[in-house]
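User: Hi! I have a protein model open and I'm new to this. Could you walk me through it?

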Amino acid sequence: MIESKNSLKFKVGAYVIAALTITVLVFALVLVHNNRDALLKQVISNSAQLSRVVMSSTRFAMHQNKPSQVAQIISDVAAQPEIEKVRILSKSGIVMHSSQLDEIGHQIDQEAEACLACHLDEKSRLESPLIGRSRFFNSPDGRRMLGATAVIHNEPTCVGSGCHGSQIEQPVLGVLDIVTPLEDIEHTLRANTYTVFGLSLGFILLAGFLVSFLVHRVIYLPLLDLEKGADRLAGGDLDNKIPVRSKDEFGQLATSFNSMTDALRASHLDLENWGHTLEQKVKEVRRELEIAHTETARSEKLASVGLLAAGIAHELNNPLTGVLTFAYLVRKNLPDDSRDAEDLDLVISETKRCAGIIRRLLDFSREKTPEKAYGDLNAIIRDAVQLIEQPAQLENIEIITDLDDDLPLVWLDENLIKQVMMNMLVNARHAISDGGTVTIKTRECDASNCPKPVTTTGRMVEITITDTGCGISPDDLKKIFDPFFTTKGVGRGTGLGLSVSHGTIVAHRGAIDVESELGKGTAFHIYLAIAGSDDQGVEG
């Protein structure tokens, strides 16, 4: 652990408190100084105002040459508790009137504090006010005093009363001097100073506590969490997560630390499980190879069957054509109600069925290139449903369509897709033995929703054909797209419909999937790309 004096918490707290102390002390000193100046200016202003009042009060008594009234006024003013003494001095410095009777008639030295305000140098005398000239001095008993002097001018009324000479010969008659003690002011200043410094100290302590708490909560605790988390991580504890206390930089750092721990734990688990999963991965690769081998074998088998089917079809097509032609010719010469005619009709019918099988064999063996253009898939489905609907109704089978009206045009070969729809609907009808429903739905989807891999990306169309028939067993589901595999009875199918349909869908860069359960029915899902890389038409 870091020593307390070297910790970030201690350093930040100490620096902040030191800065606050200096700032607050400077602020307190400035505040006290300004407060002192303001109080002294107020006292000086009050003394000047008092001087004007006294001069105004004594003017009438002086004009009437009644010294007793002047003395009474001065005595009354000096009786106020905030006044030390009031006196009037002549121009020569003799005390004419005073609240202290023992100094009346005495000569005041011009160097005394009461005379300095009037006997200044020329510049100071011009700048000093005539009323309220202030001075600060100490009394003989050591008290601090404020003296305010006011010059008494020789006014025209004074000259007219005959008491004094002309204004030119005698412009100044004397000085009014009022002395005020500063004890109350100094007491107030000391009290204010103590209050300011007390509040400053309290502010420093409070700010120091709040800053310490803030540093502890916002900085120290996240750093302590990171330190403990790093120690546990170094000790091999990969399951430990440090708390994310905020969304600031420390919170982001804690989140990154936890992400790093998760990544390390995942890597550690991968390393531990590598030996266990290696065998499984080998098995998966082997299974994928087996699937690929099976697909290759199936492709080779389909190619061989296609070649064989093509050869058989070519060999049988010509004899069957001859048999069918001569059977038609012989049938024309026989009456309709004869037994030979019935037998010959059966020969013609079976020969046509064989010709149909051969034609489908040829279609299977040939890779017909789709002739694509943008087409209306819903219209194709409706045409196929219209062809199969009448025979389905005779078997009490209802065909339900749920087609998306907002389905876009699809890049396809209409004839081949119509053949696929016919094959699917015929198979669904054959799977229903005693009434039921066949439902066809269309919707737009994404290629990522296709359960089987496709060679396209982006938007696709899903066609779902669901029947309520007998269903397909799990074993047969694996083989339904193999050529010549069928679960239908004799004479109802060749096993080529789904195989040809599968090839057609793959040629359209789509996929076909099937879901079935015995006794409950089957659902075929066909996925077609809306637009292909070989587009040559214009969607419209």
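Analyst: Happy to! One word to settle beforehand: a residue counts as buried when its relative accessible area is under 20%. Keep in mind, too, that this is a predicted model.

User: Got it. How many helices and strands are there in the protein chain?

Analyst: The protein chain has 12 helices and 12 strands. Of its 540 residues, 35% count as buried.

User: Let's pick one helix. How many residues does H10 have, and how far does it reach?

Analyst: Helix H10 covers residues 414-431, which is 18 residues. From its first C-alpha to its last it reaches 26 Å, close to the 26 Å expected at 1.5 Å a residue.

User: And which residues in H10 are buried?

Analyst: Quite a list! Among them are Leu 416, Ile 417, Val 420, Met 421 and Leu 425. The list also includes Asn 423, Asn 427, Arg 429 and His 430.

User: Wait, why does Arg 429 count as buried?

Analyst: Arg 429 counts as buried because its relative accessibility is 14%, and the cut-off is under 20%.

User: What is Arg 429 in contact with, away from its sequence neighbours?

Analyst: Leaving aside neighbours within four places in sequence, Arg 429 is in contact with Ile 388, Pro 391, Ala 392, Glu 395 and Ile 397. With Glu 395 there is a polar contact, side chain to side chain, at 2.8 Å. Those two residues are 34 apart in sequence, and their C-alpha atoms are 8.6 Å apart in space.

User: Neat. What happens at the start of H10?

Analyst: There, a side-chain oxygen of Asp 413 comes to within 3.1 Å of the backbone nitrogen of Asn 415.

User: How do H9 and H10 cross?

Analyst: Helix H9 spans residues 377-394. The axes of H9 and H10 come within 9 Å and cross at roughly 35°, and the crossing is right-handed. Residues of H9 that take part include Ile 380, Ala 384 and Ile 388. On the H10 side, the residues include Ile 417, Met 421 and Arg 429.

User: Switching topic: in what order do the strands of the open sheet come?

Analyst: The open sheet has 5 strands in the order S7-S9-S10-S12-S11, with mixed pairing. S7 and S11 stand at the edges with a single partner strand each, so one side of each has no neighbour in the sheet. On average, neighbouring strands are turned by 15° against each other, direction ignored.

User: What holds strands of a sheet together, in general?

Analyst: Strands of a sheet pair through backbone hydrogen bonds, and the pairing can be parallel or antiparallel. Here, S11 and S12 pair in the antiparallel sense over 7 bridges. In that pair, Glu 515 of the one strand stands opposite Ala 523 in S12.

User: Where do the two helices lie relative to those strands?

Analyst: H9 lies across S7, S9, S10 and S12, and runs at about 170° to S7. H10 lies across S7, S9, S10, S11 and S12, at about 25° to S10.

User: Last one: is Asp 513 buried or exposed?

Analyst: Asp 513, which lies in strand S11, is buried, because its relative accessible area is 15% and buried means under 20%. Apart from neighbours within four places in sequence, Asp 513 is in contact with Pro 451, Lys 452, Ala 523, Phe 524 and His 525.

Technical notes:
Residues numbered from 1 in each chain as written. Predicted model: local features only at pLDDT ≥ 70, side-chain atom pairs only at ≥ 80, totals over all residues. Heavy atoms only, no water. Helix = DSSP H or I, 4+ residues; strand = E, 2+ residues; numbered from the N terminus. Expected span 1.5 Å × (residues − 1). Buried < 20%, exposed > 50% of the residue type's maximum accessible area, 1.4 Å probe, protein only. Polar contact = N/O pair within 3.5 Å; in protein donor to acceptor, adjacent residues only side chain to side chain. Contact = heavy atoms within 4.5 Å. Pairing = 2+ DSSP bridges. Axes fitted to C-alpha atoms, helices over the stretch in contact; angles between N-to-C directions. Left-handed = near helix turned anticlockwise from the far one by under 90°.
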